[in-house]
Amino acid sequence: MIPVYIGLGSNQGRPEENLALARKKIQSMTGVFSTLDSQVYYTEPQGVKDQPWFANQVLRILCHPAWSPQSFIRHLLSIEGMLGRKRNIHWGPRRIDCDLLLFGDQSVCQPDLTLPHPRMVHRAFVLVPLLELTPDLCLPDGFRLKDYLHTLTYRRLGRRIWQDDDGILGGGMSC
């Protein structure tokens, strides 16, 4: 089985219900077995500030080796479409966002998919729930994700996370 990590986010409609619907659809995918869900965290929007806060969560699933990262991301994008995702404003509001963060220890660099997710190491709202599930998780290159979290300027109060935009919108890991 391949461990797969997925980031979920929503700030439109009923965000927690949107996350629950996405989880249900992911859990019903053929070849998806056990799942672990982080808590839901509430995070201030990055980039476009004039929008509601996001509900964010990370899932850890085990999937059958018949899945490839490319087929998996296509399925996640179809779930977004089924749940009403509209891609109108870059960094803008969304009913659901399903990000493929890690797919086993695979590295992928293609126009439509980069793994590990290129900006996750800059996002406390991804790293906090991800490390809740697997505290000693490493990237395929061996770097520990908790070391990246220690480099970020963020503040956490319970399940609320604030983070400056610095380093969020640009860059990321490159291929």
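Which residues does L100 touch, not counting residues up to four places away in sequence?

## Contacts of L100

In this predicted model, L100 touches V4, Y5, P69, F72, I73, L76, L113, L115 and H117, with residues up to four places away in sequence left out of the count.

## The nonpolar cores

L100 belongs to the largest nonpolar core, which has 27 residues. The members that touch the most other members are V4, I6, I26, C63, F72, L100 and F103. Two or more residues of this core come from each of β1 (2–10), α1 (15–27), β4 (54–63), α2 (69–82), β5 (97–103) and β7 (113–115).

A second core is separate from this one and has 21 residues. L102, V121, F125 and V126 are among them.

## Strand β4 and its partners

Strand β4 has 8 buried residues out of 10, so the rest of the structure largely encloses it. Its pairing with β1 is antiparallel and is made by 9 bridges. In that pairing I6 stands opposite L59 of β4.

Strand β2 (residues 32–37) also runs antiparallel to β4, joined to it by 4 bridges. Here D37 is the residue that stands opposite L59. Strand β3 (residues 41–43) pairs with β4 as well, in the antiparallel sense and over 3 bridges, and Y42 stands opposite A55 of β4. As general background, side chains in a regular strand alternate between the two faces of the sheet.

## Helix α3

Is helix α3 (residues 124–133) enclosed by the rest of the structure or open? It is largely enclosed, because 9 of its 10 residues are buried. The buried residues are A124, F125, V126, L127, V128, P129, L130, L131 and L133. Of these, F125 and V126 were named above as members of the second core.

## Cysteines

The count of disulfides is 0. Why is C98 not bonded to C63? The sulfur of C63 is the closest cysteine sulfur to that of C98, but the distance is 15 Å, too far for a bond; a disulfide needs the two sulfur atoms within 2.5 Å. C98 is buried, with a relative accessible area of 2%.

C138 is in no disulfide either. For C138 the nearest cysteine sulfur is again that of C63, at 20 Å. C138 has a relative accessible area of 31%, so it is partly exposed.

## Aromatic pairs

How many aromatic pairs does a search of the whole structure find? The search gives 4. One of them joins W67 and F72, whose ring centres are 5.2 Å apart and whose planes meet at 75°, an edge-to-face arrangement. Both W67 and F72 are buried. Ring pairs also link W67, F72 and F103 into a cluster. Both F72 and F103 appear in the list of residues that touch the most other members of the largest core.

Another pair is formed by F143 and Y148. Their ring centres are 6.4 Å apart and their planes lie at 65°, so this pair is edge-to-face. Y148 is partly exposed, with a relative accessible area of 23%.

## Charges over rings

Two arginines sit over tryptophan rings. The charged end of R155 is over the ring of W162, at 4.0 Å from the ring centre. R160 lies over the face of W53, and its distance from the ring centre is 4.4 Å.

Key:
Residues are numbered from 1 along each chain as its sequence is written. This is a predicted model: local features need pLDDT of at least 70, side-chain atom pairs count only at pLDDT 80 or more; totals for chains, interfaces and linings use all residues. Side-chain values use heavy atoms; hydrogens and water are left out. A nonpolar core is a set of buried Ala, Val, Leu, Ile, Met, Phe, Trp, Tyr and Cys residues joined through side-chain atoms within 4.5 Å. Buried means under 20% relative accessible area, exposed over 50%, partly exposed in between (1.4 Å probe, protein chains only). Contact means heavy atoms within 4.5 Å. Rings of Phe, Tyr and Trp (its six-membered ring) pair if their centres lie within 6.5 Å; planes under 30 degrees apart count as stacked, over 60 as edge-to-face and the rest as tilted. A charge sits over a ring if NZ of Lys or CZ of Arg is within 6 Å of the ring centre and within 35 degrees of the ring normal. Two strands pair if DSSP finds at least two bridges between them.
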